[in-house]
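Visitor: I have a model open here and would like to talk it through. Could you walk me around it, beginning with whatever you find worth a look?

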Amino acid sequence: MSQGVLRSLARSFVNGGNRGGGGGRYVLGTFEAEFGRRPGGVSCGVIFARRMLSSSATEPAPIDKEKKQSASAEEEEEKKKNGGGAVVPSSYWGISRPKITREDGTEWPWNCFMPWETYRADLSIDLEKHHMPKTFSDKFAYRTVKLLRVPTDIFFQRRYGCRAMMLETVAAVPGMVGGMLLHLRSLRKFEHSGGWVKALLEEAENERMHLMTMVELVKPKWYERLLVLSVQGVFFNAYFVLYLLSPKLAHRVVGYLEEEAIHSYTEYLKDINSGAIENVPAPAIAIDYWRLPKDATLKDVITVIRADEAHHRDVNHFASDIHFQGRKLKDSPAPLGYH
């Protein structure tokens, strides 16, 4: 570019404001003379000069300003609705939680479960049922569970809150392992599971909700958390291998574990009734999950959890019996919704 062009460009910037745009036209003419025109009639100088002289790119358009002001107003309105709290940003993917309310019209406070997943426990279930071990595998399962109870009794003694917390971290594993393996089997063999994948995953989720409830009642110490980590790691892998080798034995073991859980919760209730454990108000999560009355107490919570464990006992002994009869789970309807 010649020095004359540069001087012309500088003069246009200095004097352009007083010429009413004339300086810009002078520069365009100069660039056109310097760079010439393209075959289509568009001046190369015009293209370059427009980029250099345009000021519209640095100033936001009025429409953009209006959009920003409108968005700010909407955010302020949402903050007022939320009591001044932070506004949850809308997802780029269009994922948003609809407004969910209880039957009385109040907002649903939980994300871990929805109102249609709640239920009232069947308290009429027989708590005294017991599967008498007759075969070698049954006796092996029964003795194994009794042996596992010994260190638990020594460590927790009659601290049934901590004991229940530990029990639920273990009890939530079998349903997940069984459901996962049946799910993979269904995919490999292109066959239905008979509803058992969903039934076992429902059991795992129900046991997890027991744990979430117990955590509200019992604050685990650091060494108890470490114990949970160790026990869960060992039990998950052991049960995974056991289910691969013998599903009927795996379900029988869980059936006997649930019988022990019923016994533990019965002892828990005895201590509550005797006053050894304070009958505190039930946590809010338990009231909503089991549809308990607003004035429910710890005793009510333990009662419904015990009923759940009795149902899990029946489901797993039933699954084991199916295998012992030489049939497959998919050939027998799964007890869906059977907490």
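Guide: Let me begin with the largest pocket, keeping in mind that this is a predicted model: the residues of its lining divide into 19 nonpolar, three polar and three charged.

Visitor: What volume does the largest pocket have, and how many residues line it?

Guide: The volume of the largest pocket comes to about 700 Å³, and 25 residues line it, with L148, T152, V170, V231 and L257 lying nearest its centre.

Visitor: Which helix gives the most to that lining?

Guide: That is α5, which contributes nine residues to the lining of the largest pocket. At least two lining residues each come from α5 (136–156), α6, α8 (222–245) and α9 (247–274).

Visitor: Stepping back, what does the secondary structure of the whole chain come to?

Guide: The protein chain has eleven helices and zero strands, and reading along the sequence therefore gives the pattern α-α-α-α-α-α-α-α-α-α-α under the DSSP-run definition of these elements. Of the contacts in the chain with a separation of 6 or more, 70% are between residues 24 or more positions apart.

Visitor: And how much of the chain is buried, and how much area does it expose?

Guide: Buried residues account for 39% of the 339 residues in the protein chain. The exposed area is about 20,600 Å², and carbon and sulfur atoms supply 58% of that area.

Visitor: Let's pick a residue in α9. Is H251 buried or exposed?

Guide: H251, found in helix α9, is buried, with a relative accessible area of 1%. Not counting residues up to four places away in sequence, H251 touches L200, Y239, Y243, N316, A319, S320, H323 and L329.

Visitor: What about T213, where is it placed and what is it in contact with?

Guide: T213 is in helix α7 and counts as buried, at 1% relative accessibility. Leaving aside neighbours within four places in sequence, its contacts are P283, I285, A286, W290 and V301. In addition, the C-alpha atom of T213 is separated by 9.0 Å from that of M165, a residue 48 positions away along the chain.

Visitor: Changing topic to backbone geometry, which residues have a positive phi although they are not glycines?

Guide: Two to look at are F190, with a positive phi of about 55 degrees, and R291, whose phi is positive as well, at about 55 degrees. I point them out because most residues other than glycine have a negative phi.

Visitor: Where are those two found?

Guide: F190 is in the loop between α6 (160–189) and α7 (196–217), while R291 is placed in the loop between α10 (284–289) and α11 (298–324).

Visitor: Why does F190 count as exposed, and how does R291 come out?

Guide: F190 counts as exposed because its relative accessible area is 78%, and the cut-off for that class is over 50%. R291 stands at 36% relative accessibility, so it counts as partly exposed.

Visitor: Last one, on the cysteines: how many disulfides does a search of the whole structure find?

Guide: The search finds zero disulfides. As for individual cysteines, C112 is partly exposed, with a relative accessible area of 34%, whereas C162 is buried, with a relative accessible area of 9%.

Methods. Residues numbered from 1 in each chain as written. Predicted model: local features only at pLDDT ≥ 70, side-chain atom pairs only at ≥ 80, totals over all residues. Heavy atoms only, no water. Disulfide = S-S within 2.5 Å. Buried < 20%, exposed > 50% of the residue type's maximum accessible area, 1.4 Å probe, protein only. Helix = DSSP H or I, 4+ residues; strand = E, 2+ residues; numbered from the N terminus. Contact = heavy atoms within 4.5 Å. Areas by Shrake-Rupley, 256 points an atom, 1.4 Å probe, with all protein chains shown as cover. 1 Å grid on protein atoms, 1.4 Å probe; cavity = no way out; pocket = protein on both sides within 12 Å on 5 of 7 lines; lining within 4 Å. Points joined across faces, edges and corners; volume = space filled by probe spheres on them. Nonpolar A, V, L, I, M, F, W, Y, C, P; charged D, E, K, R; others polar.
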